[in-house]
Amino acid sequence: MIKRIDRIISEQTTYSRKEIKKLISKDMVYANDELVKRPETKFEEKDISLRIGNEDIDIKKNIYLILNKPKGFVSTTDLINENSVLNLLPEKYQKRNMFPAGRLDKDTTGLMIITDDGEFAHNILAPNKHVKKVYEVTIDIPVTTTMKEEFEKGVELNDGVCKSSILNITGEYTAEVTLTEGRYHQIKRMFGRFGATVIELNRICIGNLYLPKDLKIGEIRELTENELLLIQEK
Ligand code: URA
């Protein structure tokens, strides 16, 4: 994407627009080994090399963040909504056009990916890509083998029959559910068909990436390259 140099620097570093203007006026910014004279000068971001003073800036093409989502936050990109998960991001990421790759309900916790890469988000979300999502679920009545069998056959909801899913019974009221699609309130509605109410819902896995044990509720960090690969595995 072609962008103004001050925007590229602002998105890729912690410098403010005012500081960037100053750096440029002091002849401290080089793009593609040429001195940048004006903040408005435009460059193609994907192949730019950038130096500020003596420091080479490592240009990040896209950002992939993992969040252990707490309750009370919604998967909206509307920053005016103070409950948006985007308000949990450190400020340096808020300058980019980040969005949650997939929705979790306000009262659902767990693994959420926030990125600025639309194609990546599509690849892990589209039902025809079959990327699995695993949820730990607690319901208000005992989990039954009938539920397990019906989940495998495909539960009928008012917007059509769900794809076959796996329900592993882990306790009297608890289960792990694996889905390969993501409809609105899907797990709550699936259990609802059996008269059950979901009390706790926690996403623990996308693709082959499990929620890291050391990522506490509310914590966010960048995905490692290996995690990025795991998440796209089927
Ligand atoms: N299913 C739901 O009902 N809610 C979620 O947040 C995710 C899956």
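Around the ligand, counting any residue with a heavy atom within 4 Å of it, we find Leu-104, Asp-105, Thr-108, Tyr-135, His-185, Gln-186, Ile-187, Lys-188 and Leu-201. Please keep in mind that this is a predicted model, in which local features need pLDDT of at least 70 and side-chain atom pairs count only at pLDDT 80 or more, while totals for chains, interfaces and linings use all residues. Residues are numbered from 1 along each chain as its sequence is written, and side-chain values use heavy atoms, with hydrogens and water left out.

Let me turn to the polar contacts, which here are pairs of N or O atoms within 3.5 Å. A side-chain N or O atom of Asp-105 lies 2.7 Å from a nitrogen atom of the ligand, and a polar backbone atom of Ile-187 is 3.1 Å from a ligand nitrogen. On the backbone of Gln-186, an N or O atom is 3.4 Å from an oxygen atom of the ligand. Of the 240 Å² of accessible area that the ligand has on its own, the protein covers 95%, by the Shrake-Rupley method with a 1.4 Å probe.

As for where the shell comes from, helix H6, residues 186-192, contributes the largest share, 3 residues, helices being DSSP runs (H or I) of at least four residues. Domain 2 (64-126 + 209-231) and domain 3 (132-206) each supply at least three residues of the shell, with bounds taken from an automatic or database domain assignment.

Conventions:
Polar contact = N/O pair within 3.5 Å; in protein donor to acceptor, adjacent residues only side chain to side chain. Helix = DSSP H or I, 4+ residues; strand = E, 2+ residues; numbered from the N terminus.
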